[in-house]
Structure formats: C-alpha cells, structure tokens
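User: I've got a structure open and would like to talk it through with you. Can you take my questions one at a time?

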Amino acid sequence: MSIEHLQQLDKIVSLSKARGFIYPSSEIYGGLGAVYDYGPMGVELRRNIRNQWWKAMTRKHANIVGLDASIFMHPKVWEASGHVDGFNDPMIDDKQSKKRYRADHLIEGLIARLEKDGKVDQAAKVQEALDTAGSRDGLCEDLEAIIHEYEIKSPDSGAFDWTAVRQFNLMFKTQFGAVAAAGDNDGIYLRPETAQGIFVNMKNVMDTSRVSIPFGIAQIGKAFRNEVVARQFVFRMREFEQMEMQYFVAPGTDEEAYNEWLEKRMSWHLELGIRKEHLRVAPHPQDKLAHYARAAADIHYHFPIGWQEVEGVHNRTDFDMTRHQEFSGKKMEVFDQATQSKFIPYVIETSIGLDRCMLMVLCDAYREEEVEGDVRTVLKMHPALAPIQVGIFPLVKKPELQEVASKLETDLSDHFTVLNDASGSIGKRYRRLDEIGTPYCITVDFDGLEDQTVTIRDRDTMQQSRVSMEKVPSVLHQKMDAWAP
Ligand code: GAP
C-alpha cells in the first residue's frame, strides 16, 4: 500500500468526521475498536444506498420478498450453519507490542513486499506454502512454520517475538435471559451473518406468500463479528450491516441462476455510479471454494487499501437447507409444480456489506481539484445517493430572498432532500455542500425576483444556469436522471 493511498484513506476518514458522515463510537471515552457511529450525513447516505439495493432486489423482482429476522437466533442455528466449528481466523500476538494479527495476513504482507522488490520466484514459493497451509499439519502449525521460516517481523514493533498461532472464533457470545435455560448454558450468539435468518424462515415465507421456486428472500440487518484485526475504518468492523438475498432454485438450474445474479449485481454497482475501472469480478478458484460452494465470486473495488471484496455471490448448493433439515428435524423439501418434483432447494446468495459499500461510494466520489489556485474537495457521487440533494441559498440574508427560498424549500422537499442555508459567503456555502456531495445548488438573487428565475449550480462542472422558478423541479429531475460518473 503506497503512502499516497494511505493518505487518501486518512483524508476520507477526516472528511467523514468533519462533515458528519462517520464518527468513532463512544469517542468521548476514547472510542471502541472497529465500531463506528453514523452522523446526520452518514445516516442519509446509508439510507439512500439501502433504498437503492431494496428497490433493485425486491421492487424490480416480483418473485423476491423481504424479511426482517432477529439478531438473536436459537444456538442450534450456528451449529447447523457450521459457524460454531468453523468460523475461525488464525491469530498471532506480538508479545512486545501486545498487538494481534491475522497470521495469514502477515504472510500475505510478506508476499506483497517480495513482489514489490521483484523477488517473484520467492513470492511464488511463499504463496504456494500459504495456499497449501493446513494440508501438512494443522492450519495454525503450518502458518506458524511459514512465519518462522521467513522470519516475518511484527509490522508495528519490528520485533520477532510471537505467540503461537491460534484459531479464534469470530462470533460474539452473550447471556440470554436472567437465568440461562437448561441446555442453553453456553449462552447465545449475536448473528455473524443475516443469511441464516432467511434459511430458517424459508418455509414460513413459502407458506404465507405467493412465491414458488425459483424465488428470493431479501434482508437488510446488523451482523457482528469479533474481527481479529480491525484497523481499516469501516472496511472491517465488529458491528456492521449486511444486505443479503438468498435465491432458492431447483437443482440443475443453479449454475444459470448464479451467472445471472453475478451479472446483475455487477450492473447494480455500475448503476450506483461507481467507476467501471475501479470494479472487477474475482472468481474463487475451484480448489479454494468453501466446502459447501459449487461456485463463488467476489466483486472487488479498488479501495485505497488495494483491491478488496465489497460483495460476494455464491452458489451454496443445498448445503444450508440440508443442514437445517438435519439439525431441526423439520422437512425442508419443496414441491415444484412446474416439474412435479420434490427437492431440497439450492441457494444462490448475494451478500454485500452496507458499511463497506458506503466506504466504496465515498472513496469513488472523493476528488481534490485545483480551482483558481485553491484546492476544492468534492464528493462526486450519484445524485440519488447524495445526503443532501439540493442546496437552496438566498444570495444574502434579506427577507424578500428568504421568502422565495422558503417557498422553493417547501416545493422541493417532497421530491428531494434539501438544505436551505442563508449564512456565510456564497462561495463557502458551495464548497461546504461540495464536500458532502450535494449535486445541485439553487441561488436566489435580486435579478431573479424580477423575472421569476433562479440559478442552478452543478457540483461536477461548477457551471451555473438560469432557470425559471416553476421549472426547477423538472430541470432537477432531468439532470439527476442524466447523471453519469
Ligand atoms: N452470508 C455470506 C457472508 O456473510 P461474507 O463474505 O462473510 O459472506 C459478505 O460477508 C459481505 O459482508 C462482505 O462482502 C462484506 O461486504 C461484508 N462484511 C463482512 N465482514 C465484514 C466486516 N467485518 N465489516 C464490514 N463488512 C463486512
């Protein structure tokens, strides 16, 4: 990761705080690792992203319905899903700095350094050792052996003073009820993904809504993971939100559905206004697939920290529903009228983190531009996502201008999120709204009082055009529809 890239992330972190997008949680007490709060601008941006996703998944697909399952679920769910036994990360501690690392990430860091230094053969050798880790001894033992063989030092202290590598389960556990019920003494988990709420409700949804195979269930909700390393702002958090859709299909049609969903999800990112050259599809190689998956691909975004997953699309086969049938003792087979056959459905999953998606939007929108010897910071995001879509500025604080501005505010607030602001110089007001991504600013001036016009300033070009007051809503709609990154 280059210094410039790190600086760019730092700038986004600072802007997010300064403009009310994202604050560290409980900041007055020093913050809480990898937990964040969303301020007034963050709330609006997140709601807009959520709405875009919900619209694309449910309103545009008559056979996809919504669900809002609980965060707490029966402990057996996590046994059936495999999370109790297998949702682990290999961790290692630097005894000197007391900092904790993912052992596999330390090795990936070494590979990146070797590649950067042109030591391609050595990098390939380490990569092969990492790829085959777990096949000789246990995974932890193999990772530890690599760290020792290449004397990988701690990134923070520079020391080579490690603990052993240990598996660390990422689920958070808590007490349930005042007295733990018999059999539940082990406590209960906060869900690490929203998907299981969908699987356990598949039958309920089928029995109570008019859906049949193929159909989908969409859900947006919080998930919790006790991440070993969480130093990447809202990219990797311990409390985050997922937007997941499980598409239930007949066996034999799963491959086609998987390909369709991968294509649809990539289109969604482009429709969100993300630049094409910053997106790529990264299929998981066959020998790296999770044991239950037949095919999987990540949609990667080019973050300042490098190419990273923002969304996953998976063909999960009938693994989940078969496991829930086994663990619950309830039949999960469905009857397909079209083929007059009975089967346990296959599942195609699309899974995206809302917070990570928001970071992608902020990174893609962030620009610094030279304007008349000054630097303008601007978020060039899709107008449909902007927390404030229209700024309304009386040129100066005079009642006759403020009266027109208030009327415009009333008329426009049914269609857009608007901010009516009369304080400060007009230049400063423009810049403030550039920094939160407001695509259009309307200025009410004295000339306009004469001929019933206002000016509309475009965030991206900074061009202003004079428009008749009555046409403002339609002109704004046209501009928003025509917007391209
Ligand atoms: N049900 C499948 C599932 O949960 P995942 O790849 O573990 O798959 C899906 O997570 C998405 O959730 C990721 O692509 C990412 O956007 C988001 N995500 C996962 N862990 C996260 C974390 N710790 N912080 C923020 N987002 C996270």
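Analyst: Sure, and one term first: buried means under 20% relative accessible area, exposed over 50%, and partly exposed in between. Keep in mind that this is a predicted model.

User: Then where does Arg431 fall: buried, exposed or partly exposed?

Analyst: The relative accessibility of Arg431 is 25%. Buried needs a value under 20% and exposed one over 50%. So Arg431 counts as partly exposed.

User: Which residue does Arg431 pair with in a salt bridge?

Analyst: Arg431 sits in helix α14 (residues 426-435), and its partner is in strand β18 (residues 374-379), 57 residues apart. That partner is partly exposed too, at 43% relative accessibility. The N to O distance is 3.7 Å, and the side chain on the other end belongs to Asp374.

User: What about Lys99 and Asp156: why does that pair tie together parts that are apart in sequence, and how many residues apart are they?

Analyst: Their side chains meet in a salt bridge, 3.6 Å from N to O. Lys99 is partly exposed at 33%, and Asp156 is partly exposed at 44%. Lys99 lies in the loop between β4 (88-93) and β5 (100-102), and Asp156 in the loop between α7 (139-149) and β6 (166-169), so the parts they tie together are apart in sequence by 57 residues.

User: Asp320 forms a salt bridge too; with which residue?

Analyst: Asp320 is one of the buried residues of helix α11 (residues 319-328), along with Phe319, Met321 and His324. Its partner is buried as well. The closest N and O atoms are 2.8 Å apart, and the partner is Arg316.

User: What covers the buried residues of α11?

Analyst: Both helices and strands turn up in the cover. Among the helices are α3 (75-81), α8 (195-200) and α9 (202-208). The strands include β10 and β16.

User: Which residue follows α11, and what is its phi?

Analyst: The helix is followed by Gly329. The phi of Gly329 is positive, near 75°.

User: On to the ligand. Which strand gives the largest share of the shell around it?

Analyst: The ligand is surrounded by 19 residues, and the closest are Glu193, Glu227, Met237, Glu244 and Glu309. At least two shell residues each come from β10 (239-249), β13 (306-315) and β16 (346-353). With 4 residues, the largest share belongs to β16.

User: And how many residues of that shell are charged?

Analyst: Sorted by class, the shell has 6 nonpolar residues and 3 polar ones. The charged residues in the shell number 10.

User: How far is a polar side-chain atom of Glu244 from a nitrogen atom of the ligand?

Analyst: Glu227 offers a similar kind of pairing, with a polar side-chain atom 2.8 Å from a ligand nitrogen. Met237 uses a polar backbone atom instead, also at 2.8 Å from a nitrogen of the ligand. For the side chain of Glu244, the distance is 2.5 Å.

User: How much of the ligand's accessible area does the protein cover?

Analyst: On its own, the ligand has 550 Å² of accessible area. The share of that covered by the protein is 91%.

User: Last one, on the whole chain: how many of its residues count as buried, as a percentage?

Analyst: The chain has 16 helices and 23 strands. It exposes about 23,700 Å², 49% of it supplied by carbon and sulfur atoms. Of the 485 residues, the part that counts as buried is 50%.

Conventions: Residues numbered from 1 in each chain as written. Predicted model: local features only at pLDDT ≥ 70, side-chain atom pairs only at ≥ 80, totals over all residues. Heavy atoms only, no water. Near = heavy atom within 4 Å. Polar contact = N/O pair within 3.5 Å; in protein donor to acceptor, adjacent residues only side chain to side chain. Areas by Shrake-Rupley, 256 points an atom, 1.4 Å probe, with all protein chains shown as cover. Nonpolar A, V, L, I, M, F, W, Y, C, P; charged D, E, K, R; others polar. Buried < 20%, exposed > 50% of the residue type's maximum accessible area, 1.4 Å probe, protein only. Contact = heavy atoms within 4.5 Å. Salt bridge = Lys/Arg side-chain N within 4 Å of Asp/Glu carboxyl O.
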